[in-house]
Amino acid sequence: MVKRALISFSLAVAGGVFLSRFFSAHWKKGKVSFSQPKSFTNWAGNLTYSAEKVHFPKSTGKIQILVNNGGNQRALGSRHSFNTIADSRDTLISLQSLNEIVSLDKEAFKITVEAGMRYGELAEVLQQHGYAVPNMASLPHITVVGACSTATHGSGIQNGNLATSVSAIEFVNAAGEQVTMSRQKDGELFNGAVVALGGLGVVTKITLDLVPSFKMTQVVYRNLPMRALQDHFVEIMSKGYSVSLFTHWENQNINQVWVKSKVEEDVPAIIEPEVFGAKLATQKLHPIESESAENTTEQLGEVGEWYERLPHFKMGFKPSAGAELQSEYFVAIEHAYEAIMAIESLHEKISPHLFVSEIRTIKADELWLSPQYKQTTVAFHFTWKQDEEVVMQLLPLIEEKLAPFNARPHWGKLFTMEPKVLQAQYERMEDFRQLLLHHDLEGKFRNEFMEKYVFGVS
């Protein structure tokens, strides 16, 4: 075990003007000076939360007091969701001040952290002790709990979403009780508790399974013909430990193929000069080619640590496009090329409003509300220009094209799918409702999003 150690994380220093804008100026290196801001938005600024109060507790005890005070409440992580999943009618409980390492079990390969810990800060601590998490999302700026609660993911046919690394959680339920659930103790019920969308209560601690630290390279290939995906999709997506395809849905072309590969110490990495017609890039690139590549993790085959290659963006720099909107849909991998062509048929409507689109793969799991529940999936991610009216008109068109493949949307991003259609995609939805009712019978942690998409109340 290691001693409990505070990880001070100053967004003002790490992210400069951009991060102070998108993660708000309410942070003051370890403490917050107020609880009732005039306006409180998500990181992209497209959503203003409707809660009357925002609290920033520094201990589980303070969270219990807040919960016992009553009213409708929701927990808030790094505010990276683009919809109202984290909103509350009354009170938001921000977890940003709870960002400490609780324990590191070196023999069991497990680490327990508080709920406000972000992947970028966690990764550096793990590396110091020779450990790693199996995968990371494209942004290291997000909180571990928020990412796992919504089944956020990286890429890799053999890699599960981030929630699959969770082996235990601790949360405060509606009665103010401190509850611990684990894979070992709670079995199948635990599979329902990990991707809980904030519905069980306020998660205060989370335990992750670890792997030994490893090194990686990252290379980018340019201009892969989409037709190559028809017969070689799995082969292409298996070219590395993690592979991402970036496209603007123009000219049936994949603009960039990002290949992240594990490498052994002192063993030269083998880098192919070409992949099915796509040529190896000779300069560092941003997925949005008009943006500075300075913001992205190192490429060109340079060997580095796992946490410096698995994300697309560096911790201390602007992630993605910044002022943007995001949506994402998951389809079983056997329908990958058909789904790609279905989306491509909308290219004239989609392309003018996109920054970029990313295609990834995620391994199947047993988590009840995971989009990968019992199916390895291909993910279609859209980074939109920030014109919400236009985007919300385009999403039904994409959803209609993907309907034959039983697409599931990302829980924390924009979608317009009918609740009954979404609920039908999850065979354990009723079991999940019962689990929520067991810990929150009166609906203290429910909001409009949960009522609509989980309980089916319009």
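## A parallel trio of strands

Strand β2 (residues 53-55) and strand β4 run parallel and are joined by three bridges. One of the pairs to look for is H55, whose bridge partner in β4 is I93. This is a predicted model, so please read everything below as a description of that prediction.

On to the next neighbor of β4: strand β3 (residues 73-76) is joined to β4 by four bridges, and these two strands run parallel as well. I93 turns up again here, since in β4 the bridge partner of A75 is I93. Put together, the three strands make an open sheet in the order β2-β4-β3, with parallel pairing. β2 and β3 are the edge strands, each pairing on one side only. From one strand to the next, the twist averages 25 degrees.

## What covers β4

In a regular strand the side chains alternate between the two faces of the sheet. Strand β4 (residues 91-94) is covered on both faces: T91 and I93 are buried on one side, and L92 and S94 are buried on the other.

A helix also belongs in this picture. Helix α2 (residues 60-68) lies across β2, β3 and β4, and runs at about 170 degrees to β4.

## Strand β12 and its partners

Let us move along the chain to strand β12 (residues 215-225). Eight of its 11 residues are buried, so the strand is mostly covered. Strands of a sheet pair through backbone hydrogen bonds, either parallel or antiparallel. For β12 and strand β14 (residues 253-263), the pairing is antiparallel and extends over 10 bridges. Within it, M216 has K262 of β14 as its bridge partner.

Two further pairings of β12 are worth tracing on the model. With strand β17 (residues 304-305), β12 pairs in the antiparallel sense over two bridges, and K215 has E305 of β17 as its bridge partner. With strand β16 (residues 278-280), β12 also pairs in the antiparallel sense over two bridges; there, R222 is matched with K279 of β16.

## Two helices and their buried residues

Helix α7 (residues 228-237) has A228, L229, F233, I236 and M237 as its buried residues. Looking down the axis of α7, these buried residues fall within an arc of 115 degrees, so they line one face of the helix. As background, an α-helix has 3.6 residues a turn, so residues three or four places apart point the same way.

Helix α10 (residues 388-402) has 15 residues and spans 21 Å from its first C-alpha to its last, close to the 21 Å expected at 1.5 Å a residue. Its buried residues include V390, V391, L394, L395, I398, E399 and L402. Among the elements that cover the buried residues of α10 are two strands, β18 (324-332) and β20 (377-385), along with the helices α8 (336-344) and α9 (347-350).

## Two residues to zoom in on

P409 sits in strand β21 (residues 408-409). With a relative accessibility of 2%, P409 counts as buried, the cut-off being under 20%. Leaving aside residues up to four places away in sequence, P409 touches E328, Y329, F330, P371, F415, M417, L422 and Y426. Y329 deserves a second look: P409 and Y329 lie 80 residues apart in sequence, yet their C-alpha atoms are 4.3 Å apart in space.

E250 is a useful residue to view next, in the loop between β13 (242-247) and β14. Its relative accessible area is 41%, so E250 is partly exposed. E250 and I350 are 100 residues apart in sequence, and 9.3 Å separates them from C-alpha to C-alpha.

## The chain as a whole

Stepping back, the chain contains 13 helices and 21 strands. Of its 458 residues, 62% count as buried. Among contacts in the chain with a separation of 6 or more, 71% are between residues 24 or more positions apart.

The accessible surface of the chain comes to about 18,100 Å². Carbon and sulfur atoms account for 49% of that surface.

Note on methods. Residues numbered from 1 in each chain as written. Predicted model: local features only at pLDDT ≥ 70, side-chain atom pairs only at ≥ 80, totals over all residues. Heavy atoms only, no water. Buried < 20%, exposed > 50% of the residue type's maximum accessible area, 1.4 Å probe, protein only. Pairing = 2+ DSSP bridges. Axes fitted to C-alpha atoms, helices over the stretch in contact; angles between N-to-C directions. Contact = heavy atoms within 4.5 Å. Expected span 1.5 Å × (residues − 1). Areas by Shrake-Rupley, 256 points an atom, 1.4 Å probe, with all protein chains shown as cover. Arc of directions from axis to C-beta.
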